[in-house]
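Hi everyone, thanks for making time this morning. I'd like to walk you through one model, so let me put it up on the screen.

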Amino acid sequence: RVPFVGGGYGAVWRPDAQWNGDLALPAGRVYCAGSETSEVFAGYMEGAVRSGQRVATEVTANGI
């Protein structure tokens, strides 16, 4: 009933899709985090939090 709001997840993988981790790879000094980069919890808050923790660890380990 609300215009421009359809609901749904931002990242929904097809049932036959294979997650290969490409979205989680850094591009130089640019790191991506978000539920879309989560292998297990894509589309959920848990995935977003875990990917943020992953990126924080990667950035710290690489001295960036």
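Let's begin with the surface: the chain exposes about 5100 Å², and carbon and sulfur atoms supply 57% of that area. Please keep in mind throughout that this is a predicted model. Of the 64 residues of the chain, 20% count as buried. As for secondary structure, the chain comes to one helix and zero strands. One more overall number: among contacts in the chain with a separation of 6 or more, 30% are between residues 24 or more positions apart.

Now to the helix itself. Helix 1 covers residues 45–61, which makes 17 residues. How does its span agree with what we should expect at 1.5 Å a residue? The expected value is 24 Å, and the end C-alpha atoms are 24 Å apart, so the two agree.

Which residues of helix 1 are buried? They are Gly47, Ser51 and Val55. If you look down the axis of helix 1, the buried residues fall within an arc of 70°, so they line one face of the helix. On the other side of helix 1 you'll find Met45, Thr57, Thr60 and Ala61, which are exposed. After the helix comes Gly63, and its phi is positive, near 65°.

Let's turn to the charged side chains. How many salt bridges does a search of the whole structure find? It finds two.

In one of them, the side chains of Arg50 and Glu46 meet at 2.6 Å, N to O. Both residues lie in helix 1, four residues apart, about one turn of the helix. Are these partners buried, exposed, or in between? Arg50 has a relative accessible area of 44% and is partly exposed, because it falls between the 20% limit for buried and the 50% limit for exposed. Glu46, with 38%, is partly exposed as well.

The other salt bridge joins the side chains of Glu58 and Arg54, with 3.4 Å from N to O. Here again we have residues of helix 1 that are four apart, so about one helical turn separates them. Glu58 has a relative accessible area of 24%, and Arg54 is at 22%. Glu58 counts as partly exposed, and so does Arg54.

Next, I'd like to take you to the segment before helix 1, where we find Thr37 and Ser38. Thr37 has a relative accessible area of 8%, so with a cut-off of 20% it is buried. What does the side chain of Thr37 reach? It reaches the backbone oxygen of Gly34, at 2.8 Å. Leaving aside neighbours within four places in sequence, Thr37 is in contact with Trp19, Leu23, Ala24, Cys32, Ser51 and Arg54. Two of those names have come up already: Ser51 is one of the buried residues of helix 1, and Arg54 is a partner in the salt bridge with Glu58.

Ser38 is buried too, at 7% relative accessibility. A polar atom of the Ser38 side chain lies 3.1 Å from the backbone nitrogen of Phe41. Not counting residues up to four places away in sequence, Ser38 touches Trp19 and Gly47. Trp19 was also in the contact list of Thr37, and Gly47 belongs to the buried residues of helix 1.

Last stop: back in the helix, with two residues that let us look across the sequence. Ala56 is found in helix 1 and is partly exposed, with a relative accessible area of 43%. How far apart are Ala56 and Tyr31, in sequence and in space? They are 25 residues apart along the sequence, with 9.3 Å between their C-alpha atoms.

Val59 is also found in helix 1, and at 21% relative accessible area it is partly exposed. That value is over the 20% limit, so Val59 does not count as buried. Between the C-alpha atoms of Val59 and Val30 there are 9.6 Å, while the two residues are 29 apart along the chain. Setting aside neighbours within four places in sequence, Val59 is in contact with Tyr31 and Ile64.

To recap the picture: one helix and zero strands, two salt bridges, and buried Thr37 and Ser38 in the segment before the helix. Thanks for listening, and I'm happy to go back to any of these on the screen.

How values were computed. Residues numbered from 1 in each chain as written. Predicted model: local features only at pLDDT ≥ 70, side-chain atom pairs only at ≥ 80, totals over all residues. Heavy atoms only, no water. Expected span 1.5 Å × (residues − 1). Buried < 20%, exposed > 50% of the residue type's maximum accessible area, 1.4 Å probe, protein only. Arc of directions from axis to C-beta. Contact = heavy atoms within 4.5 Å. Areas by Shrake-Rupley, 256 points an atom, 1.4 Å probe, with all protein chains shown as cover. Salt bridge = Lys/Arg side-chain N within 4 Å of Asp/Glu carboxyl O. Polar contact = N/O pair within 3.5 Å; in protein donor to acceptor, adjacent residues only side chain to side chain.
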